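Subject: Structure with ligand, for your files

Hello,

Here is the structure you are taking over. My notes on the ligand and its pocket follow below it.

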Amino acid sequence: MVKKNQKLVFSGVQPTGNLHLGNYLGAMKNFVDLQKTMSCIYCVVDLHAITTFKNPTELRGNILDTTAGFLACGLDFNKSIIFNQSSVSGHSELSWILNCVSRVGWMNRMTQFKEKAGKNKENASVGLYVYPNLMAADILLYKATHVPVGDDQKQHLELARDIAQKFNNDFKSVNFFPLPEPLIQKKLSRVMSLRDGTKKMSKSDDSNYSRIDLKDTKDEIRKKIKKAKTDSSPIPEKVSDLSNRPEALNLLNIYSFLTNSNLEGTLNLMQGKDFSKFKEALSDVIISSICPIGEEINKLKKDKSYLIKILKEGTLKASEIASKNLKEVKEIVGFV
Ligand code: TYM
């Protein structure tokens with residue numbers, strides 16, 4: 001049970017396809033580090049996944065795959081609460097209440113909705129539009145204080161803070177919801193697409209060659225890195241020389257992060273080399289950190305009942321905190 005005023009970490013990952021290097025380096029690696037020192041709740045956010053239509057059989061498979069991914073990356077269900085969002089009804093209940101606190105003007109500023117809805121906004125689901133309110137509900141349902149995420153979720157986190165603040169003010173409940181702090185990796189907050197260094201690596205990109213999936217084999221990783229877009233210049237000496245070379249910068253950033261170095265250190269080591277040589281070294285470090293995770297995911301996936309058991313145990317623990325907090329919210333709002 002979480003004690004009053006205790007620091008609490010919450011984060012979520014959508015079960016919408018294979019987990020990739022961006023999810024791992026931008027968020028999940030941090031999840032694992034945080035569980036060593038803080039109480040943590042990690043959620044497979046299946047309610048978020050259906051904001052665009054998902055085939056039910058595939059969704060079921062992806063929920064278990066993402067759970068396997070959590071465990072394979074090093075999350076320990078004895079230390080962290082691991083569960084899926086739809087199994088704790090408080091997420092949907094609080095989300096409705098927060099829909100009534102959040103403002104249309106705030107929603108209209110959300111860049112991710114604009115990107116995902118594209119040109120055909122009128123045809124996007126209402127769920128996709130109010131998705132950030134559900135994300136705020138996920139966090140506030142547990143009164144979480146810290147939220148590890150990649151840089152792309154920063155705006156949603158700012159919104160969650162605004163909603164928490166407005167709820168506390170509207171209902172004169174000073175400090176009822178803590179204002180959640182984003183925890184964003186400084187060294188690698190956004191892993192970019194291997195095909196276009198100005199776009200983030202994403203599950204929804206049509207090209208498989210744009211990302212490294214955690215389940216990719218050694219050969220697939222080598223092939224994808226070999227094909228990764230770069231430019232014709234060799235690796236420069238100075239960081240400032242990378243300012244107009246987004247693809248080169250991305251690959252060098254990934255290498256630096258995985259070798260516990262920094263960009264300066266990597267440039268010292270690699271300057272003057274052409275990219276084909278560097279790409280071999282990069283493939284090696286990606287393979288050694290990713291392939292053991294992929295192999296573990298494949299192993300865990302074979303035992304569906306084990307994964308379901310872990311989610312059920314997590315659901316019980318999450319529900320205990322959620323129902324207590326939701327009861328307080330309902331009293332504050334004035335429900336009888
Ligand atoms: P999702 O499922 O898109 O991504 C899961 C996590 O991975 C991070 N991430 C990246 N980090 C760096 N580079 C990338 N290319 C990259 N791609 C993804 C994301 O920032 C995220 O941390 N809305 C969230 C899920 C969510 C959530 C929450 C997160 C729902 N409720 C409450 C935190 C708290 C999302 O779609 O993440």
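A residue is taken to surround the ligand if one of its heavy atoms lies within 4 Å of it. Please keep in mind that this is a predicted model.

The ligand is surrounded by 27 residues, and the closest are Tyr131, Asp138, Gly150, Asp152 and Val191. By class, this shell consists of 11 nonpolar, 11 polar and 5 charged residues.

Three side chains place polar atoms at short listed distances from the ligand. For Tyr131, a polar side-chain atom is 2.6 Å from a nitrogen atom of the ligand. For Asp138, the corresponding distance to a ligand nitrogen atom is 2.7 Å. In Gln153, an N or O atom of the side chain lies 3.1 Å from a nitrogen atom of the ligand. On its own the ligand has 710 Å² of accessible area, and the protein covers 97% of that.

As for location, the ligand sits in the largest pocket. Strand S1 (8-13), helix H1 (21-34) and helix H7 (126-140) are the elements that give two or more residues to the shell around the ligand.

The largest pocket itself has a volume of about 1,300 Å³. It is lined by 46 residues, of which Gln112, Lys116, Asp152, Gln153 and Lys200 are the closest to its centre. The lining divides into 14 nonpolar, 20 polar and 12 charged residues. At least two lining residues come from each of S1, H1, helix H2 (46-49), helix H6 (111-117), H7 and helix H8 (154-170).

Regards

Methods. Residues are numbered from 1 along each chain as its sequence is written. This is a predicted model: local features need pLDDT of at least 70, side-chain atom pairs count only at pLDDT 80 or more; totals for chains, interfaces and linings use all residues. Side-chain values use heavy atoms; hydrogens and water are left out. A polar contact is a pair of N or O atoms within 3.5 Å; within protein, one must be able to donate a hydrogen and the other to accept it, and residues adjacent in sequence count only if both atoms are side-chain atoms. Accessible areas come from the Shrake-Rupley method with a 1.4 Å probe; for residues, only the protein chains shown count as cover. On a 1 Å grid over the protein atoms alone, a cavity is a set of points where a 1.4 Å probe fits but cannot get out, and a pocket is an open set with protein on both sides within 12 Å along at least five of seven lines; lining residues have an atom within 4 Å of a point. A molecule sits in a cavity or pocket if more than half of its atoms lie within 2 Å of its grid points. Helices (H or I, at least four residues) and strands (E, at least two) are DSSP runs, numbered from the N terminus. Ala, Val, Leu, Ile, Met, Phe, Trp, Tyr, Cys and Pro count as nonpolar, Asp, Glu, Lys and Arg as charged, and the others, Gly among them, as polar. Grid points are joined across faces, edges and corners, and a volume is the space filled by probe spheres set on the points.
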